[in-house]
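Here is a short set of exercises to work through with the model open beside you. Try each task before you read its solution.

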Amino acid sequence: MRDLPPPPAPIALLAELTYRCPLACPYCSNPLELSARDAELDTATWARVFGEAAELGVLQLHLSGGEPASRRDLVELVAAARQADLYVNLITSGIGLTETRLDALEAAGLDHVQLSLQGVRAGIADRIGGYRGGFDRKLAVARAITDRGFPLTLNAVMHRQNLDDLAETISFAADLGARRIEVACVQFYGWAQRNRAALLPTRAQVEAAKRTVAEAVRTYRGRMAIDFVPPDYYADYPKACMGGWGSTGLNVAPEGTVLPCHAAATIPELSFQRVTEVPLAEIWAKGPAFQKFRGHDWMPDPCLSCARRDIDHGGCRCQAMALAGDPHATDPVCRHAPHRALVDSLLANLPADDVLPKFVYRR
């Protein structure tokens with residue numbers, strides 16, 4: 001193991017409380033092999049993890065899944081996190097949140113809600129989410145959230161089959177009272193990678209989306225913040241994934257496995273530890289999975305000698321694994337990457353609208 005300097009404290013912890021979810025979104029970032037309900041950490045263990053995270057320096061806790069509302073102890077978990085003095089954000093589909101439960105979450109100290117959006121009309125939203133009636137339920141929950149004064153972020157996952165509705169999506173978020181919208185074009189990991197041919201947008205869609213976002217930023221300035229995550233494959237340079245491997249945040253899976261990012265388990269050579277066996281601070285500082293791609297020593301050229309080395313940190317290791325089959329490779333999205341031709345081939349061979357493959361739903 002390399003002798004690396006101690007990393008700075010992580011800012012955020014993503015707690016994937018469960019992989020259970022009423023929706024079946026074909027772009028879900030959960031792994032293809034989902035852990036069982038009886039393997040999930042119990043309430044006391046999660047509360048201990050939240051306390052360890054706060055001691056480590058974590059400020060923000062994101063409660064996610066699956067659908068975190070599938071946990072009967074969600075209110076107790078929020079209360080435990082607030083007792084540890086963490087800022088608590090609930091990432092939810094809205095399904096499973098009743099008026100009574102929202103009241104209880106408010107009393108427990110919940111700070112913020114991030115609500116997913118699959119589409120702006122019931123037909124397309126329910127088709128993408130694989131859940132009939134989900135759109136109407138989501139609307140009711142969104143109104144109940146803003147009525148209580150919770151800050152609301154709308155997470156709109158955009159792709160080939162709904163990106164043409166982007167302007168309407170942004171307007172929809174504003175009408176709901178969202179303070180922020182994340183225009184999050186699909187990143188191809190997990191179930192999204194399996195459904196890539198049905199989800200990858202066209203270049204024309206991407207260019208139109210950039211113009212739509214730029215206009216919306218001007219229109220809604222001071223009223224609603226707009227974050228735009230463009231599709232990686234159309235970029236000249238890779239994103240600075242996680243701000244650099246093992247540098248800003250960490251994920252805890254439902255059974256307690258600690259990951260540097262949500263897709264890290266797709267890299268076969270990594271060895272992961274669990275919070276049931278090793279303290280969180282030790283995993284963060286010395287865990288082999290976290291050490292693997294920290295710093296520069298692991299980088300090949302052209303990354304190691306590139307002027308952007310400390311800007312994009314070599315790009316995404318999981319994307320290099322997904323596209324090139326090698327997590328040590330330069331992210332194939334980069335214009336200088338030896339494997340860039342793999343991305344160009346995908347973009348040059350997109351299916352026509354009338355022959356898009358059917359979704360493989362997350363089940």
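**Exercise 1. Overall build**

How many helices and strands does the chain have? Then decide how its radius of gyration fits the rule for a compact globule.

*Solution.* Keep in mind that this is a predicted model. Start by counting elements: there are 14 helices and nine strands. Next, take the overall extent: along the principal axes, the C-alpha atoms fill a box of roughly 55 × 50 × 40 Å. Now turn to the radius of gyration. A compact globule of 363 residues would have a value near 21 Å, and the chain has 20 Å, so the two agree. Finally, look at burial, where the cut-off is under 20% relative accessible area. Buried residues account for 52% of the 363 residues.

**Exercise 2. Three strands in a row**

In which sense does strand 6 pair with strand 5, and in which sense with strand 7? Find the handedness of the β-α-β unit that strands 5 and 6 make with helix 6.

*Solution.* First, locate strand 5 at residues 152–158 and strand 6 at residues 180–185. They run parallel to each other, with six bridges between them. At one place in this pairing, Met 158 sits opposite Cys 185 of strand 6. Second, follow the chain from strand 5 through helix 6 (residues 166–176) to strand 6: this β-α-β unit is right-handed. Third, move on to strand 7, residues 225–229, which pairs with strand 6 over five bridges, again in the parallel sense. Here Arg 180 has Ala 225 in strand 7 as its bridge partner.

A reminder for reading side chains here: in a regular strand they alternate between the two faces of the sheet.

**Exercise 3. The enclosed spaces**

How many cavities of 30 Å³ or more does the structure hold? Describe the lining of the largest and of the second largest.

*Solution.* The structure has five such cavities of 30 Å³ or more. The largest encloses about 100 Å³. It is lined by 13 residues, and those closest to its centre are Cys 303, Cys 306, Asp 312, Thr 330 and Cys 334. Sorted by class, its lining comprises six nonpolar, four polar and three charged residues.

The second largest cavity holds about 50 Å³ of space. Its lining includes Leu 23, Ser 93, Gln 118, Tyr 131 and Lys 138. Two elements each give two or more residues to this lining: helix 4 (122–129) and helix 5 (134–147). By class, the count for the second largest cavity is five nonpolar, four polar and two charged residues.

Technical notes
Residues numbered from 1 in each chain as written. Predicted model: local features only at pLDDT ≥ 70, side-chain atom pairs only at ≥ 80, totals over all residues. Heavy atoms only, no water. 1 Å grid on protein atoms, 1.4 Å probe; cavity = no way out; pocket = protein on both sides within 12 Å on 5 of 7 lines; lining within 4 Å. Points joined across faces, edges and corners; volume = space filled by probe spheres on them. Nonpolar A, V, L, I, M, F, W, Y, C, P; charged D, E, K, R; others polar. Helix = DSSP H or I, 4+ residues; strand = E, 2+ residues; numbered from the N terminus. Pairing = 2+ DSSP bridges. Right-handed = clockwise from strand over helix to strand, strands pointing away. Rg over C-alpha atoms; globule rule 2.2 N^0.38 Å. Buried < 20%, exposed > 50% of the residue type's maximum accessible area, 1.4 Å probe, protein only.
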